[in-house]
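Take a look at the model below. Then read on for a short tour, from whole chains down to single residues.

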Amino acid sequence: MSEPVVVVEDLTFSYSGTKEPALRDINLTFEQGEIALLIGATGAGKSTLYMCLNGLIPHLVPGRVGGRVDIDGTATRDQSISELAQKVGFVFQSPDVQLFAHTVREELAFGPENLGLAKSEILRRIQLAATTIGIEELLEREPAYLSGGQQQSVAIGAIWAMLPEILILDEPTSNLDPQSSRRVLELIRALNSEHGKTILIAEHKIDAVAHLADSILVMHEGQIAMQGKPRQVFSQTEELHQLGLVAPTAAEVAFELSKYGYTFDSWPLTAEEGIQAFGELL
Amino acid sequence: MASEAIIETRDLSYSYPGGISALSSVNLEIRQGEFVAIIGSNGSGKTTLVKHFNGLLKPSQGHVMVDGLDTRTTRVSELSRIVGFVFQNPDHQIFAYSVWEEASFGLKLHKLDAETVEQQTTEALQAVSLDELRDRHPRALSRGQRQRLATASILALRTPVLVLDEPTTGQDFLSRRQIMALAVELHADGRTVLMVTHDMALVAEYATRVIVMKDGAAVCDASPNEVFKQDEVLKSTGLDLPPVAKIARGLRAYGFSDTPLTQTELVENLLTAIRS
């Protein structure tokens with residue numbers, strides 16, 4: 001881990017025409033190359049936070065902003081949307097909201113074209129995105145006729161072609177079957193470990209993603225309610241429950257057993273860790 | 001609970017226009033009062049199958065019988081009195097200008113008297129905790145609330161069979177629990193519940209029977225625990241064991257022999273095993 005690539009200080013935001021702030025006193029930093037998992041109930045403010053990170057707030061969405069968001073050392077209000085689009089990539093929850101072109105190739109070209117890049121660079125970006133994401137054989141296919149998992153990969157590829165440093169993925173597996181979910185999560189992990197990208201991922205499927213994360217952010221009613229390493233956050237099971245959230249299954253089981261006096265040196269998060277930890281009690 | 005078939009498919013095959021085969025020779029018998037999970041990867045034919053149960057799709061070959069009626073020769077309006085269908089995306093279903101209007105629309109279509117419409121709509125909205133928002137515009141609801149509204153508009157019809165297509169996709173933990181508590185209540189009331197899902201924890205916790213679809217065929221039809229034992233089926237369909245079953249299986253190496261389906265069962269079984 002090196003220096004922070006995202007710094008959020010005392011961020012508050014209220015949508016125009018509303019009294020209640022959608023975000024209140026948010027303070028956080030993301031280190032270069034970190035995977036942060038964002039959890040929170042519907043309406044906790046996750047989408048508003050994304051918009052603050054990619055500059056839609058304050059540039060396009062009307063409302064009152066307090067505090068500041070620095071991306072790559074500069075405040076978002078001092079950077080244009082197109083500058084920010086090259087730094088922060090946002091992948092929508094449903095790929096069909098994002099995908100619109102007739103071929104995957106056009107889909108991948110769209111972002112770079114909008115940046116006004118030279119043709120040779122656009123072609124290079126398409127190739128790079130297709131190779132990195134593993135969708136080369138899909139380039140001439142029509143996105144609408146691909147499987148859910150393939151569509152999600154194309155949606156990530158289209159953002160990848162912009163070469164952002166930071167990727168935000170909003171529930172990337174929510175419409176996918178287990179096998180496609182695994183593939184997409186493996187892809188996200190590879191983009192992080194092999195390419196050093198900073199990743200913010202929101203998911204309700206805690207069991208599938210907890211082990212990927214370096215840090216956990218818990219949002220509740222527009223605030224950061226909990227923040228820390230996965231083991232630290234997921235061992236505070238009672239606090240999570242009070243926020244209407246749950247820990248991964250293994251952590252929940254450990255929590256129940258701890259009520260009967262059983263203790264764990266390392267709080268289990270994955271099924272494998274659970275098997276190890278509970279096996280030792282047997 | 002009665003056990004006669006409320007839905008039966010006989011050699012059901014279906015091809016989408018253009019000839020792409022989506023279902024091939026599916027033979028199933030769903031009995032009244034069952035809680036059935038239909039699982040399988042994207043594109044395996046799950047949704048195509050359940051769309052035959054309310055006549056949205058008609059078989060290319062074979063027959064689908066719903067409460068003794070052949071769906072080929074029965075009007076969708078007739079079938080909709082028997083099978084209620086809650087779509088995955090509530091926005092595909094919702095169209096009215098108020099919560100109450102949306103929830104009562106189907107009843108009005110069935111030409112029921114005003115008093116019955118009022119009573120059944122109110123009950124359905126109460127069941128999903130939306131009765132206090134009856135004058136609200138559906139667009140002013142959260143996604144979770146819209147999902148519940150879509151469910152209420154089907155509940156109001158009091159159909160003996162309910163089909164829930166991916167009922168918990170994109171829902172947070174509390175909404176998920178609320179939706180499933182409602183499904184359990186309806187099932188306890190004697191209704192037949194069919195749930196299409198990818199969520200294996202949901203399957204383990206709630207279903208009494210699991211139908212696994214692959215390439216348009218029903219490749220496995222058994223209880224959750226039976227299905228979870230079949231590694232080959234799970235592997236070939238890309239399905240995962242739910243976390244509870246995965247942990248229980250791993251613990252066999254430590255002499256643990258139970259097959260819990262819910263987290264609570266796992267904890268109870270573990271406590272018993274540790275103490276013995």
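What percentage of the 276 residues in chain B do buried residues make up? The figure is 46%. Keep in mind that this is a predicted model.

**The two chains**

Start with chain B. Its secondary structure comes to 11 helices and 10 strands. Its radius of gyration is 20 Å, which agrees with the value near 19 Å for a compact globule of 276 residues. Chain A has 13 helices and 10 strands. The radius of gyration of chain A is 20 Å, and the globule rule gives 19 Å for its 282 residues, so chain A is as compact as a globular protein of that length. The table sets out some values for each chain.

| Chain | Buried residues | Box along the principal axes (C-alpha atoms) |
|---|---|---|
| Chain A | 48% of 282 residues | about 65 × 45 × 35 Å |
| Chain B | 46% of 276 residues | roughly 65 × 45 × 35 Å |

Now consider contacts with a separation of 6 or more along the chain. In chain A, residues 24 or more positions apart account for 64% of them. In chain B, the share from residues 24 or more positions apart is 64%.

**A sheet in chain B**

Six strands of chain B form an open sheet. Their order is β6-β7-β8-β3-β9-β10, and the pairing is mixed. Why is one side of β6(B) and of β10(B) left without a neighbour in the sheet? Both strands stand at the edges with a single partner strand each, so one side of each has no neighbour there. From one strand to the next, the twist averages 20°.

Inside this sheet, look at β3(B), residues 35-39, and β9(B), residues 209-214. They pair in the parallel sense over four bridges. A37(B) stands opposite V210(B) in β9(B).

Helices pack on the sheet too. Helix α5(B), residues 143-155, touches β6(B) and β7(B). The direction of α5(B) makes about 170° with that of β6(B). Helix α6(B), residues 173-188, lies across β3, β7 and β8 of chain B. This helix runs at about 150° to β8(B).

**Strand pairs in chain A**

Strand β1(A) covers residues 4-15. It pairs with β2(A), residues 23-31, in the antiparallel sense over six bridges. There, F13(A) has L23(A) as its bridge partner. Strand β1(A) also joins β4(A), residues 63-71, through eight bridges, and these two run antiparallel. Here the bridge partner of T12(A) is G66(A).

**The nonpolar core**

In soluble globular proteins, nonpolar side chains tend to be buried together. The largest nonpolar core in this model has 162 residues. Those with the most contacts inside it are I201(A), I38(B) and V163(B). Which residues does I201(A) touch, leaving aside its neighbours within four places in sequence? They are I35(A), L37(A), L38(A), L169(A), P172(A), I188(A) and V209(A).

**Where the chains meet**

The contact takes 34 residues from chain A and 34 residues from chain B. On the chain B side, the elements giving two or more residues are α5, α6, α10 and α11 of chain B. Helix α11(B) gives the largest share, seven residues. Sorted by class, this side has 17 nonpolar, 13 polar and four charged residues.

**A buried helix in chain A**

Helix α12(A) spans residues 249-258. Why is it largely enclosed by the rest of the structure? Eight of its 10 residues are buried, so α12(A) is largely enclosed. Among the buried ones are T249(A), E252(A), F255(A) and L257(A). The buried residues of α12(A) pack against α9, α10, α11 and α13 of chain A. They also pack against α10 and α11 of chain B.

Zoom in on A254(A), which lies in this helix. Is A254(A) buried or exposed? A254(A) is buried, because 26 other C-beta atoms lie within 10 Å, and 20 or more is the cut-off for that label. Beyond its neighbours within four places in sequence, A254(A) is in contact with F264(A), W267(A), P268(A) and A277(A). I126(A) is 128 residues from A254(A) along the chain, and their C-alpha atoms are separated by 47 Å.

Note on methods:
Residues are numbered from 1 along each chain as its sequence is written. Chains are lettered from A and ligands numbered from 1 in the order in which they are written. This is a predicted model: local features need pLDDT of at least 70, side-chain atom pairs count only at pLDDT 80 or more; totals for chains, interfaces and linings use all residues. Two strands pair if DSSP finds at least two bridges between them. Axes are lines fitted to C-alpha atoms, for helices over the stretch in contact, and angles run from 0 to 180 degrees between N-to-C directions. Two residues are in contact if their C-beta atoms, placed from the backbone, lie within 7 Å. A residue is buried if 20 or more other C-beta atoms lie within 10 Å of its own, exposed if 12 or fewer, and partly exposed in between; C-beta atoms are placed from the backbone. The radius of gyration is taken over C-alpha atoms; the globule rule is 2.2 Å times the number of residues to the power 0.38. A nonpolar core is a set of buried Ala, Val, Leu, Ile, Met, Phe, Trp, Tyr and Cys residues joined through C-beta atoms within 7 Å. Ala, Val, Leu, Ile, Met, Phe, Trp, Tyr, Cys and Pro count as nonpolar, Asp, Glu, Lys and Arg as charged, and the others, Gly among them, as polar.
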